[in-house]
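Trainee: I am new to this structure and would like a close look at one part of it, taken slowly. Could you choose the part and tell me how it relates to its surroundings?

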Amino acid sequence: MRRSGFHESVRDFKRFLLEASLAEHGGNRTRAAEALGLERTHLPRLIKQFKVKAPPGRIGGNKGRK
C-alpha cells in the first residue's frame, strides 16, 4: 500500500475544501470564493487545476429564489 506524500495530501485537501465550499453555497462561485477568502476570478483556475467536480455556476446566484 502506497502512502500519500505531503504534496498529494495537500492537493487532496484543497480539492475537498473547494468542493465543500461550492456545495455549501449551492454552486455559487462568488459566495464560495468569498467564504474561502479568495478573489472570485481566481476560483475557476483552482477548480480547473484541482479537477474539482463543481456544480454549474449561476449568474447572479440564488437571489430571490426559494
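Mentor: What follows sets out the whole chain briefly, then stays with one helix and its surroundings.

The model is predicted, with local features needing pLDDT of at least 70 and side-chain atom pairs counting only at pLDDT 80 or more, whereas totals for chains, interfaces and linings use all residues. Residues are numbered from 1 along each chain as its sequence is written, and side-chain values use heavy atoms, with hydrogens and water left out.

The protein chain has three helices and zero strands, where helices (H or I, at least four residues) and strands (E, at least two) are DSSP runs, numbered from the N terminus, and along the sequence this gives the pattern α-α-α. Of its 66 residues, 20% are buried, a word that stands for under 20% relative accessible area, with exposed meaning over 50% and partly exposed in between (1.4 Å probe, protein chains only). The accessible surface comes to about 5,400 Å², and 54% of that belongs to carbon and sulfur atoms; such areas come from the Shrake-Rupley method with a 1.4 Å probe, and for residues only the protein chains shown count as cover.

The part to look at closely is α1, which spans 6-24 and supplies at least two residues of the largest nonpolar core, as do α2 (29-36) and α3 (43-49). That core is made up of nine residues, L18, L22, A32, A33, L43, L46, I47, F50 and V52, and the term covers buried Ala, Val, Leu, Ile, Met, Phe, Trp, Tyr and Cys residues joined through side-chain atoms within 4.5 Å. The largest share of the core, three residues, comes from α3.

F50 is a good place to see how the core relates to the residues of the helix, for when its neighbours within four places in sequence are left aside, F50 is in contact (heavy atoms within 4.5 Å) with R11, K14, R15 and L18. Beside F50 in the sequence is K51, which lies in the segment after α3, is exposed at 65% relative accessibility, and has a phi near 50°, a positive value in a residue other than glycine.

Two of the residues that F50 touches, R11 and R15, also belong with D12 to a network of salt bridges. Side chains of opposite charge can pair when their charged atoms come close, and a salt bridge here is a side-chain nitrogen of Lys or Arg within 4 Å of a carboxyl oxygen of Asp or Glu. The structure holds two of them: R11 pairs with D12, with the closest N and O atoms 3.5 Å apart, and D12 pairs with R15, with the closest N and O atoms 3.2 Å apart. D12 and R15 both lie in α1, three residues apart, which is about one turn of the helix. Each member of the network is partly exposed, R11 having a relative accessible area of 35%, D12 one of 34% and R15 one of 24%.

The helix also takes part in a nonpolar surface patch, for F16 lies in α1 and joins F13 and L17 in a patch with about 320 Å² of accessible area together. Patches are made of residues with over 30% relative accessible area and no salt bridge, like charges being joined within 9 Å and nonpolar side chains (Val, Leu, Ile, Met, Phe, Trp, Tyr) within 5 Å. F16 itself is exposed, at 52% relative accessible area.

Finally, the loop between α1 and α2 holds N28, which is buried at 7% relative accessibility. At the start of α2, a side-chain oxygen of N28 reaches to within 3.0 Å of the backbone nitrogen of T30, and the N28 side chain also reaches the backbone nitrogen of R31, at 2.8 Å. Following α2 comes G37, with a positive phi near 75°.

Conventions: A polar contact is a pair of N or O atoms within 3.5 Å; within protein, one must be able to donate a hydrogen and the other to accept it, and residues adjacent in sequence count only if both atoms are side-chain atoms.
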